[in-house]
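Trainee: I'm new to this one and would like a close look at a single part. Please keep it informal.

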Amino acid sequence: MKSTSLTSSNANDDYVIEYFVFARSKDGSPVRWIANGHRTSVVGLTPLNKCRHLGLPWESRNVELITLKMLAACPRVAEVVSQPLSLFFGIRGIKRQFRYTPDVSVWVHPSFRDELAAGKPLHEIVAKPFRKSLDRSRVVELTLELKSDIDDVDAVKWEMVTAIYRHVRQDLFVLKRGMHIDRSFSRLIMELELGAHDRVGAVEKARCSLAFGYDECLPFGILSERLGGQPSGERLVKALHFKEFVSIDLRAGLHALTPVWIKEEA
């Protein structure tokens, strides 16, 4: 994709972006596998229930890893990919080609995007329950750039990137740790994740439906007791949340009185 009219300014300089190209892998896998043994920083792979691959790469444990886990637990998120694409672009008068690889692409219900655009912290968006079925044909793609509160940013390059995203009308959000990651909620997500990869089949879903009966919402403690008590019942409720059969209201934490909603289609 080329453009000679796309301009951006920084201080007293005007920059003309002569071309830009978005490059994705054919199978939707990350375009850059950062956990490669050549780095001294802590990097790794984490399995997620909302990705199409065995694991997603991350660079920062306190920012990227916990954000990936929060997105995986959110009932309004359909899919998550880290290092999802590379944006290559050239600036008139500069010989070298620039490359930008965002941290995360996520496909979400439109209400998720609206709340993020309105300035709501990510941990509050994730904590909110969602009872409706997530229609994959209506999800929207968001690009997320994750930053600690002290990260340095190349101002000129970043201005070019944001100008390109505005030009193609693609949502790009910068999420800073101080605003969007809450320490106590992060611990809650780690606890909830214990059931993320447990098998949930027709039998488990039928047991859950019978436990709800004619109720649409039950306290976490009562539902867990009806599904087997400690620890199997609690773990099954957590697994059902990740499998999008129930939605746990995490806004006030996870305890015996926490509301758990059965999804409408269930």
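What pLDDT does the protein chain average, and what percentage of the residues score at least 70? After that, please take me closely through helix H1 (61–73) and the spaces it helps to line.

Mentor: Start with trust: this is a predicted model, where local features need pLDDT of at least 70, side-chain atom pairs count only at pLDDT 80 or more, and totals for chains, interfaces and linings use all residues. Residues are numbered from 1 along each chain as its sequence is written, and side-chain values use heavy atoms, with hydrogens and water left out. The protein chain averages a pLDDT (the predictor's confidence in each residue, from 0 to 100) of 88, and 88% of the residues score at least 70. Be wary of residues 1–5, where pLDDT stays under 50.

Now H1, starting with the second largest pocket, which holds about 240 Å³ of space. A pocket, on a 1 Å grid over the protein atoms alone, is an open set of points with protein on both sides within 12 Å along at least five of seven lines, and lining residues have an atom within 4 Å of a point. The volume is the space filled by probe spheres set on the points, which are joined across faces, edges and corners. H1 gives five residues, the largest share of this lining, and helix H6 (183–192) also gives two or more. Helices (H or I, at least four residues) and strands (E, at least two) are DSSP runs, numbered from the N terminus. Among the lining residues are Arg61, Asn62, Leu65, Ile66 and Lys69, along with Arg183, Ser186, Arg187 and Met190. By class, you get four nonpolar, two polar and six charged residues. Here Ala, Val, Leu, Ile, Met, Phe, Trp, Tyr, Cys and Pro count as nonpolar, Asp, Glu, Lys and Arg as charged, and the others, Gly among them, as polar.

Next, the closed spaces. A cavity is a set of points where a 1.4 Å probe fits but cannot get out, and there are two cavities of 30 Å³ or more. The second largest has a volume of about 30 Å³. H1, strand E10 (171–176) and helix H5 (177–180) each supply at least two residues of its lining, which includes Val63, Thr67, Leu175, Lys176, Arg177 and Ile181. Arg177 and Ile181 line the second largest pocket as well. The largest cavity holds about 40 Å³, and Lys69 turns up again in its lining, with Ala72, Glu193 and Phe242 among the others. That lining divides into five nonpolar, two polar and two charged residues.

H1 has an inward story too. The largest nonpolar core has 56 residues, and Leu71, Val80, Val106, Phe112, Leu142 and Leu144 touch the most other members. H1 gives the most to this core, with eight residues. Such a core is a set of buried Ala, Val, Leu, Ile, Met, Phe, Trp, Tyr and Cys residues joined through side-chain atoms within 4.5 Å, with buried meaning under 20% relative accessible area (1.4 Å probe, protein chains only). Leaving aside neighbours within four places in sequence, Leu144 is in contact (heavy atoms within 4.5 Å) with residues including Leu71, Val106, Phe173 and Leu175. Leu175 also lines the second largest cavity.

Terms used: Buried < 20%, exposed > 50% of the residue type's maximum accessible area, 1.4 Å probe, protein only.
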